[in-house]
Amino acid sequence: MLKIDMHTHIIPKHLPNWTEKFGYGKFIFLEHNDNGTADMMQGGKFFRRIEENCWDEDVRITDYQNFETQTQVVCTIPVMFSYWAKTEDCVELSRYLNDHIADLVHRYPKNYIGLATIPMQDQYAAIRELERAKEIGMVGIQIGSNINDKNLSEDEFFPIFEACERLGMAVMIHPWQMMGFDSMEKYWLPWLVGMPAETSRAACSLIFGGVLERLPNLRVCFSHAGGSFLPTLGRIEHGFNCRPDLVAIDNPINPREYLGKFWVDCITHDIDALKYILNLQGSKRVCLGSDYPFPLGDLEIGKFIEDSDLSAETKANIFSSSTLEWLNLDKKLFV
Ligand SMILES: [Zn+2]
């Protein structure tokens with residue numbers, strides 16, 4: 001059975017020292033260690049230690065063979081977005097990352113599919129890089145759940161989503177710059193509490209802001225099974241019904257109507273939670289995702305689904321059909 005993991009992160013082995021080159025900011029730089037690991041440095045501060053499975057395409061393919069998964073959809077690590085940078089610098093950085101992924105996709109067309117990063121802080125530059133990304137073989141983009149703390153419903157982002165729809169580029173929404181980060185750093189709460197809330201923030205913004213309504217052919221996938229959006233949909237719908245003066249001001253349609261019109265990955269680490277999400281979304285809108293190679297991901301690449309009592313059809317949809325439809329790709333390209 002074809003398996004495509006649609007939520008994985010990759011980074012080039014070497015990054016230019018953009019902080020030094022541009023003369024400001026806290027761009028990510030990689031310092032390689034003798035033991036084969038590398039430290040992601042943010043400005044001069046340690047951010048995260050990563051291993052060769054973060055950049056080595058062959059190590060990754062071998063790792064995936066252990067879980068009978070042939071294909072990885074790759075995108076950058078959200079900390080690389082750099083939406084806070086000057087537009088022209090973010091364009092240079094985005095092009096560097098996108099060219100790396102495009103090259104990988106060209107060399108391993110059955111193993112890798114690419115999502116680009118674009119400078120969301122400037123709609124004109126963002127659309128130019130989106131168009132270029134399509135030309136070099138990318139099939140979509142990954143963007144943050146907020147853009148410099150602005151919600152995705154802000155008018156300035158609409159032309160970008162419109163261009164994605166027009167160009168047939170899929171959109172993956174990934175939590176980053178988590179709300180409340182500074183006040184809850186202890187216990188890894190930004191990742192455990194902030195990330196699911198961020199994804200719900202993005203989903204609510206796109207729905208209540210009418211973006212999904214106005215762009216019915218825009219193909220959006222929310223990370224981490226939609227974060228807290230689906231588990232708290234009852235509350236969200238109730239809020240829409242009881243305080244339409246606050247909630248329904250830009251879009252009069254009940255949020256529940258959008259179920260099955262967007263995609264989510266399956267990263268729940270909990271088969272019962274996944275079944276609840278399958279009930280809401282239908283199996284054609286739930287995709288195999290792992291968040292490889294990071295520790296909070298499902299590093300057995302959907303083994304909990306393989307081992308479950310879900311039907312063969314549901315498993316086939318999750319493992320590849322849903323992702324192929326989200327990305328508008330033909331299965332024949334991979335078999
Ligand atoms: Zn991720």
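What follows is a walk through this predicted model, from its sheets and helices to a few residues in the loops.

Let's start with the bigger of the two topics, the parallel sheet. Eight strands make up an open sheet, in the order S1-S5-S6-S7-S8-S9-S10-S11, and the pairing is parallel. S1 and S11 sit at the edges with a single partner strand each, so one side of each has no neighbour in the sheet. As a reminder, strands of a sheet pair through backbone hydrogen bonds, in either a parallel or an antiparallel way.

Begin at the S1 edge. Strand S1 covers residues 4-9, and it is mostly covered, with six of its six residues buried. An edge position in the sheet thus goes together here with buried residues. Four bridges hold S1 to S5, in the parallel sense. If you want a spot to look at, find Thr8, which stands opposite Val74 in S5.

Now step over to strand S5, residues 71-75, which pairs with S6 in the parallel sense over three bridges. Here the residue to pick out is Val73, whose bridge partner in S6 is Ile113. How does the chain get from S5 to S6? Helix H3, residues 87-107, comes in with the two strands to make a right-handed β-α-β unit.

Strand S6 deserves a pause. It spans residues 112-116 and is mostly covered: five of its five residues are buried. Which way do the residues of S6 point? Tyr112, Gly114 and Ala116 point one way, while Ile113 and Leu115 point the other way, and all of them are buried. Ile113 is the residue we just met as the bridge partner of Val73. Leu115 takes us onward, with Gly140 as its bridge partner in S7. That strand, S7, runs over residues 140-144 and pairs with S6 in the parallel sense over two bridges.

Back to H3 for a moment, since it has a helix to pack against. The axes of H3 and helix H4 (residues 123-135) come within 11 Å and cross at roughly 15°. That makes H3 roughly parallel to H4, because angles under 35 degrees count that way. As for handedness, the crossing of H3 and H4 is right-handed. Which residues make the contact? On the H3 side they are Thr87, Val91, Ser94, Arg95 and Asn98, and on the H4 side Ala125, Glu129 and Ala133.

Further along the sheet, helix H6 lies across S8 and strand S9 (220-222), and runs at about 150° to S9. At the other edge, S10 and S11 pair in the parallel sense over two bridges. Val264 is a handy marker there: its bridge partner in S11 is Val286.

Next, the other sheet. This one is open too, but it has three strands in the order S2-S3-S4, with antiparallel pairing. Its edge strands are S2 (28-32) and S4 (45-50), each pairing on one side only. From one strand to the next, the twist averages 30°. S2 and strand S3 (residues 38-42) run antiparallel and are joined by five bridges. To find that pairing on screen, look at His32, whose bridge partner in S3 is Ala38.

That leaves some residues outside the helices and strands. Trp188 is in the loop between strand S8 (170-174) and helix H6 (189-208). Its phi is positive, about 65°, although Trp188 is not a glycine. Is Trp188 buried or exposed? Trp188 is exposed, because there are 11 other C-beta atoms within 10 Å, and the cut-off for exposed is 12 or fewer.

Asn328 also has a positive phi, near 55°, and is a residue other than glycine. You'll find Asn328 in the segment after helix H12 (312-327). Asn328 counts as partly exposed, with 13 other C-beta atoms within 10 Å.

Ile249 is in the loop between helix H9 (244-247) and strand S10 (263-265). Ile249 is exposed, with 11 other C-beta atoms within 10 Å. Ile249 and Asn146 are 103 residues apart in sequence, and their C-alpha atoms are 20 Å apart in space.

Last stop: Pro293, in the loop between strand S11 (286-287) and helix H11 (303-306). The peptide bond from Tyr292 to Pro293 is cis, with omega near 5°.

Methods
Residues are numbered from 1 along each chain as its sequence is written. This is a predicted model: local features need pLDDT of at least 70, side-chain atom pairs count only at pLDDT 80 or more; totals for chains, interfaces and linings use all residues. Two strands pair if DSSP finds at least two bridges between them. Axes are lines fitted to C-alpha atoms, for helices over the stretch in contact, and angles run from 0 to 180 degrees between N-to-C directions. A residue is buried if 20 or more other C-beta atoms lie within 10 Å of its own, exposed if 12 or fewer, and partly exposed in between; C-beta atoms are placed from the backbone. A crossover is right-handed if, with the strands pointing away from the viewer, the path from the first strand over the helix to the second runs clockwise. Angles under 35 degrees count as roughly parallel, over 145 as roughly antiparallel, 65 to 115 as roughly perpendicular and the rest as oblique. A crossing is left-handed if the near helix is turned anticlockwise from the far one by less than a right angle, and right-handed if clockwise. Two residues are in contact if their C-beta atoms, placed from the backbone, lie within 7 Å.
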